[in-house]
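Visitor: I should like a close look at a single part of this model, the site of the ligand. Please describe what surrounds the ligand and how the contacts are defined.

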Amino acid sequence: MKYIPQIEPWIDGAELKQLEEVISSTFITENKKTEEFLNQICQLTGSPHAIATSNGTLALVASLLSAGIGDGDEVIVPDLTFIATSNAVILVGAKPVFCDVLPTSGCLDVDACAELINEKTKAIIPVHLYGQSVEMEQLEALVTKHGIVVIEDAAESMGVFYKGKHTGTFGDYGIFSFFGNKLITCGEGGVVLTKTTENYKELYRIKNHGRDRKGIFIHENVGYNFCFTDLQAAIGVAQLQKYETMITAKKSHFKLYSQLLADIDEVEVVDVPDYVDSNYWFVNILLESPADLNDYLESKGIGTRRYFYPLHLQPCYQPLQRDCPNSLALYEKGLSLPSSVLLKEDEIKYVCSQIRSFYTSKLKR
Ligand SMILES: Cc1ncc(COP(=O)(O)O)c(C=O)c1O
């Protein structure tokens, strides 16, 4: 059996065909192909507006800038997430405030979040982690009461619906990442979704040197270059052609993993509640000492990945420390199993049989 990576993209002739079209047009910066890609994202998510950015981190930065967040402001972020969520807050000069997460899903605990709100709180960034969804109805009720901006970090949740509505379309802003490990990838890339034309225009200026369109040199605002390219869009359009097949495959991988691991008492397969339609981005399990299973599986040619390291423990954030026990407990128990779209049934069976033999060999020791 060849090495099974934890995650790899599905790239084939479809991407090459789209790239050839863009390259032969010689227009490789952000243009028609990006427009096509964004239209498809709007169709898939139901969002009225989408803006492309160089990556998901800058999609967060653009959203924060558009919301007017900066010096002296506080932004609540979940403690369990990829560090880009909170780095974006720091980049605009605001302070990230770490909030504990729910014990199984790892998503923002909205009750805990309510406790952290004060007069400096200007925004909340709920993260739809690993294919889960934040309790958006509960969060909406909270922010309506306080008049706080919501920027959904949906970097990992393309194809995740909460009560029938696509994640990323609830808040004032919602962002996606198209990094190589995401369901839909462009290599690098990001998108901001927003509901209003006003935000759309503002976001466009922010990412395009402070102007409303390219090719003019009078700049009404200070802006930046967070642009996308038609090369990225070409890959994205090809990826979206495979979206339905990807989602179907991910769902059936999750089902098979769940069946094959059901009788291993030491392992809990993390599922989603009924009202969440997941993309099962990563198939995750909770167990004691994930590091040992990780090493064991690696020795058998299987790649796995530990959960994100809690933000409150990150060495680079030490002055910002606060306790988040659920986030820490999940880090200490979580492991992501091979989750690529192209995984074969016999590969999943092999992974599960190796997990089983890890526990039986432990008993013999
Ligand atoms: C939850 C989360 N937020 C933000 C990002 C940042 O996106 P990017 O890598 O495209 O900058 C990522 C991942 O890459 C992520 O997983």
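Guide: The following account treats the ligand site and then turns briefly to a sheet. This is a predicted model, in which local features need pLDDT of at least 70 and side-chain atom pairs count only at pLDDT 80 or more, whereas totals for chains, interfaces and linings use all residues. Residues are numbered from 1 along each chain as its sequence is written, and side-chain values use heavy atoms, with hydrogens and water left out.

The ligand is surrounded by 14 residues, a residue being near a molecule if one of its heavy atoms lies within 4 Å of it. The closest are Gly56, Thr57, Asp153, Glu156 and Ser177. By class, this shell holds four nonpolar, seven polar and three charged residues; here Ala, Val, Leu, Ile, Met, Phe, Trp, Tyr, Cys and Pro count as nonpolar, Asp, Glu, Lys and Arg as charged, and the others, Gly among them, as polar.

Asp153 places a polar side-chain atom 2.7 Å from a nitrogen atom of the ligand. For Glu156, a polar side-chain atom lies 2.6 Å from an oxygen atom of the ligand. An N or O atom in the side chain of Lys182 is 2.9 Å from an oxygen atom of the ligand. A polar contact is a pair of N or O atoms within 3.5 Å.

Of the 380 Å² of accessible area that the ligand has on its own, the protein covers 93%; accessible areas come from the Shrake-Rupley method with a 1.4 Å probe. The space taken by the ligand is the largest pocket, a pocket being an open set of points on a 1 Å grid over the protein atoms alone, where a 1.4 Å probe fits, with protein on both sides within 12 Å along at least five of seven lines. Helix H3 (56–66) and helix H4 (84–91) are the elements that give two or more residues to the shell; helices are DSSP runs (H or I) of at least four residues, and strands (E) of at least two.

Turning to the sheet, four strands form an open, antiparallel arrangement in the order S10-S12-S14-S13; strands pair if DSSP finds at least two bridges between them. Strand S12 (residues 283–286) and strand S14 (residues 334–337) are joined by four bridges, and Asn284 has Ser336 in S14 as its bridge partner.

Notes: A polar contact is a pair of N or O atoms within 3.5 Å; within protein, one must be able to donate a hydrogen and the other to accept it, and residues adjacent in sequence count only if both atoms are side-chain atoms. On a 1 Å grid over the protein atoms alone, a cavity is a set of points where a 1.4 Å probe fits but cannot get out, and a pocket is an open set with protein on both sides within 12 Å along at least five of seven lines; lining residues have an atom within 4 Å of a point. A molecule sits in a cavity or pocket if more than half of its atoms lie within 2 Å of its grid points.
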